[in-house]
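Reader: I would like a brisk walk through this model. Please start with the terms.

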Amino acid sequence: MSSLLLVSVSNFLFLAGIFFCSIGKKNRVNAVFISSSLFIFVLLTTFFLATDYFTNEGVNDAVLYHLSYGLSGVGFSEYILMILGIVLLLLFGVVSSWGFIYFFAKRRGTGRKYLNRLSIILVLCAFALNPATRDWFEFYKSRAERDTIVTKVKAVNRLDFNKYYREPNVVKKSSVRKRNLVFIYAEGLERTYFDESIFPGLIKGLRQLESRSKTFTDIENTYGSSWTIGGMVASQCSIPLVTASGKNSMSGMNRFLSGAVCLGDLLQAQGYYLSFLGGASLDFAGKGNFYKSHSFEDVRGRKELLPLLEDKSYRTGWGLYDDSLLEIAYEQFLELSSADKPFGQFLLTLDTHHPKGHVSKKYEKFFYKDGRNSMLNAVAVSDHLLSQFVNRILNSPYSENTIIVIASDHLAMRNRASSLLAKGERKNLFMIIDPQDKNPQEIDKRGIAFDLGPTVLNYLGFEGEIGLGRDLLSDDVSLVEEIENFYQVLVSWRDEISEFWDIHEISALKIDVDTHSVEMEDQFIKFPVLITFDDQMKMNILFEFSSSKKLYDYLYELKKGTPFIWIDKARKIERLDPRLSLNAGYYSVVGGRIGAVPVISSRIDGSYQITHNQLEEVLSSVADEGTYQKQKRGLGEVNILPEIKVLVADIPRESIVFYSKPKQGESIDKYFKYSKYYYKKIKYENSIPDDKEFYFLSQDLHLVRENGNYTWERHPLGEKFRTVIKRHLDDTIIFSVRDEASNGLSEKTMNFLSNLGLDLTALDYRGSFAAVMDRGQVIAQKIDNSAPVHLSSPILKSKGIDYVESGGLFSGNYSSIMVDGIELSPNKRGINMLVLKKDGRRIIANFDTFVTEKMYSGIWKAIPK
């Protein structure tokens, strides 16, 4: 069954589920389930349709890679309508989910109970049939299967990675002059377009060139090479592109696959000057980083090439049209050819980019057949421009010393010709044009992208090997022919291949705050970063850029005894070493084994050096269960919302807490069991308890109201607020309001503050307020109900306080507490507070004292009717 048909069937089933729920017996739990499922279903379907639009196979390696690396450099203007459609679908999901609950609350609901059960069954079936569910299931299933495959493969020596991976090397065959290389990646221009039975007369110029070239007709697609950067890595490094073990590790590294030796590195070692020109942004998918990391001296993309155009507006949403790119490339070819040094010129075209292609302006009337298929028009123009470019080289004075390669970077992704492409045998394009070769040949040897690099290298006159690739012009058998189930074997080698990202062993680290980087020999990585390593100092690097998973989440999951280095803000790191709480606002570093007292713990002022001896101390530290559990508790707290912490501190022993978000609920449950409040024996539930008193936050008030079986009252927040102030009356306490602070304060709390000299009775709704107390005495205070307030004075300066500022919602909506040049305000709604302890410690707190039924704050108590 096709994916679109599955989408249609699953949508029908979901609508049926909604219908039966709406006519069944009124059941609030059932209604909440259907309502929340509705939004999730719309989200899943939208995500699938968006990814399938590009890949024609839903969620695949390319999607996961780009989600990991980021989408910088994407030609978003090309997809305005699609983006608008996605936004509208998501809005539809939100409105429909809310609308269903609203409708349900109004109806009488005297139908049959079995209709409710039927509605749930239909909704679950809808999820099961949704292709997005299938894709994610397959993804996680493949990860589980990968582990199984790895175990099996390692038990059979002949499938060991090291046996098949050939260390890259190159030796010149003779003293003949080194020949130049022009390597053209044609965007998605696969060999299937050459099939005359499907596309009669589409490819003309390249077909003529094919008659004088070495043409490879059986280049298959394979794992890790089905998108542009994947195809480039596969063809030059002869390995699949897999990410490092951290979800988005690549975007935090200054070098791309620094441990791999690729075609560019080998040619540079032979004295070649290397250049890459591409019409799209170098940032997209890390193309620029890849080429700069592998010996290319001239790397230019959209930003660098646009200034060379007479008309800077002559471009697509992605970048330069191919006629502009190839004109610049030919001028560069002449310049490089006239020099003494051999060169490799690599190009990436753009006009055949999915989904509809682009036709260079001067060829707008260059139609294929009736011209209705814009993608085939773009392919026809690309064929013309590429063959024209190649013929210019062949007719130049430098042709005899030049070899030209034309290859598709990957098979075409979903485009307006996909239905026609599906009729053919999908193969990648690979042809080598050599003016000196008088023996053109069609080669049907089975190969993959890994084989392109070694084949080109040997054709240039070198003896060489690259990774998992084999020379298709030699007697070597390609691995796709040699190894049965080659795709599965590649997956089993994923861990070995991912080591090419961070192959260095740690010997020393230099941390620089100004550049936010960590230097390790010749490699730089960004921070915040978590570096874990084994006892041989082999690294695994984890970031949280563009990721919902935080570094403390990774740390929480580490096994006891794992060595690590963590570089981050002190307010996060203090969970592993409370001594760093003195450095709130600064970057700090902590290192050791999980479950052992850290042996490296320091604030970073400018730069900080971790020596080899310190790293040896990390390895010599010993973990114990008590320290391990304490660290786990601290890390578990990081993920807990401040409102939850206030709730746990304020409510009575053995209370029940209802919180509706299951993901946060997992952390809450652990927090109840392992925090300092474990003695309270508080029980967490993610559904409304039956006929029991319980506590909840304002965000869930609508669910309690809709349940209909409870009355509710607000549990005052002031007790905790007053307790904190009382505890620190001998210290310096700084207060700063953001947004609104007065609405949720009880009369008892207002009187308490007034007795201290903090008179908030004059503070209107959403006014501004700032104050400083020292040893129980107010030394500065200001209120303004129509403008922000600012406190600064020599007295405050003597205590290290540069200034304190507050802005209510209509007066800037901000809070600032500047101490010793460091911003220390949490800058959250309500009263932001900083305690300067006499021993130098700093305690940061926030009390969200704005409470209404609609706002996400406040603790409530539900009482059965």
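Author: pLDDT is the predictor's confidence in each residue, from 0 to 100. A contact means heavy atoms within 4.5 Å. This is a predicted model, where local features need pLDDT of at least 70, side-chain atom pairs count only at pLDDT 80 or more, and totals for chains, interfaces and linings use all residues. Residues are numbered from 1 along each chain as its sequence is written, and side-chain values use heavy atoms, with hydrogens and water left out.

Reader: What pLDDT does the chain average?

Author: At least 70 is the score of 83% of the residues. Two stretches fall under 50: residues 69–76, with 21 contacts beyond four places in sequence, and residues 852–857, with 22 contacts beyond near neighbours in sequence. Where pLDDT is low, the predicted coordinates should not be read in detail. The chain average is 82.

Reader: How many helices and strands does the chain have?

Author: Both kinds are DSSP runs, numbered from the N terminus: helices are H or I over at least four residues, strands E over at least two. The count for the chain is 29 helices and 35 strands.

Reader: What share of the residues is buried?

Author: Buried means under 20% relative accessible area, exposed over 50%, and partly exposed in between, with a 1.4 Å probe and protein chains only. The chain has 865 residues. Contacts also reach across the sequence: among those between residues at least 6 apart, 70% join residues at least 24 apart. The buried share is 58%.

Reader: Which strands stand at the edges of the open sheet of 4 strands?

Author: Two strands pair if DSSP finds at least two bridges between them. The order here is β15-β14-β13-β21, with antiparallel pairing. Each edge strand has a single partner, so one side of each is left without a neighbour in the sheet. The edges are β15 (523–526) and β21 (607–610).

Reader: Which residue is the bridge partner of M520 in β15?

Author: Strand β14 covers residues 517–520 and runs antiparallel to β15. The two are joined by 4 bridges. In β15, M520 is matched by Q523.

Reader: Which residues touch the most other members of the largest nonpolar core?

Author: A nonpolar core is a set of buried Ala, Val, Leu, Ile, Met, Phe, Trp, Tyr and Cys residues joined through side-chain atoms within 4.5 Å. The largest one holds 71 residues, and helix α9 (residues 228–237) gives the largest share, 5 residues. A second, separate core of 47 residues includes L320, L336, I406 and I433. In the largest core, the residues asked for are F430 and W493.

Reader: How many residues of α13 are buried?

Author: Helix α13 spans residues 322–337. From first C-alpha to last, α13 reaches 22 Å, close to the 22 Å expected (1.5 Å times one less than its number of residues). Among its buried residues are L325, Y330 and F333. The count is 12 of 16.

Reader: Why does L376 count as buried?

Author: L376 is found in helix α14 (residues 374–394). Beyond four places in sequence, L376 touches Y193, F199, L202, Y368, A417 and L420. L376 counts as buried because its relative accessibility is 4%.

Reader: How far apart in space are M375 and G357, C-alpha to C-alpha?

Author: M375 also lies in helix α14 and counts as buried at 1% relative accessibility. Its contacts beyond four places in sequence include Y193, P355, G357 and R416. M375 and G357 are 18 residues apart in sequence, and their C-alpha distance is 4.8 Å.
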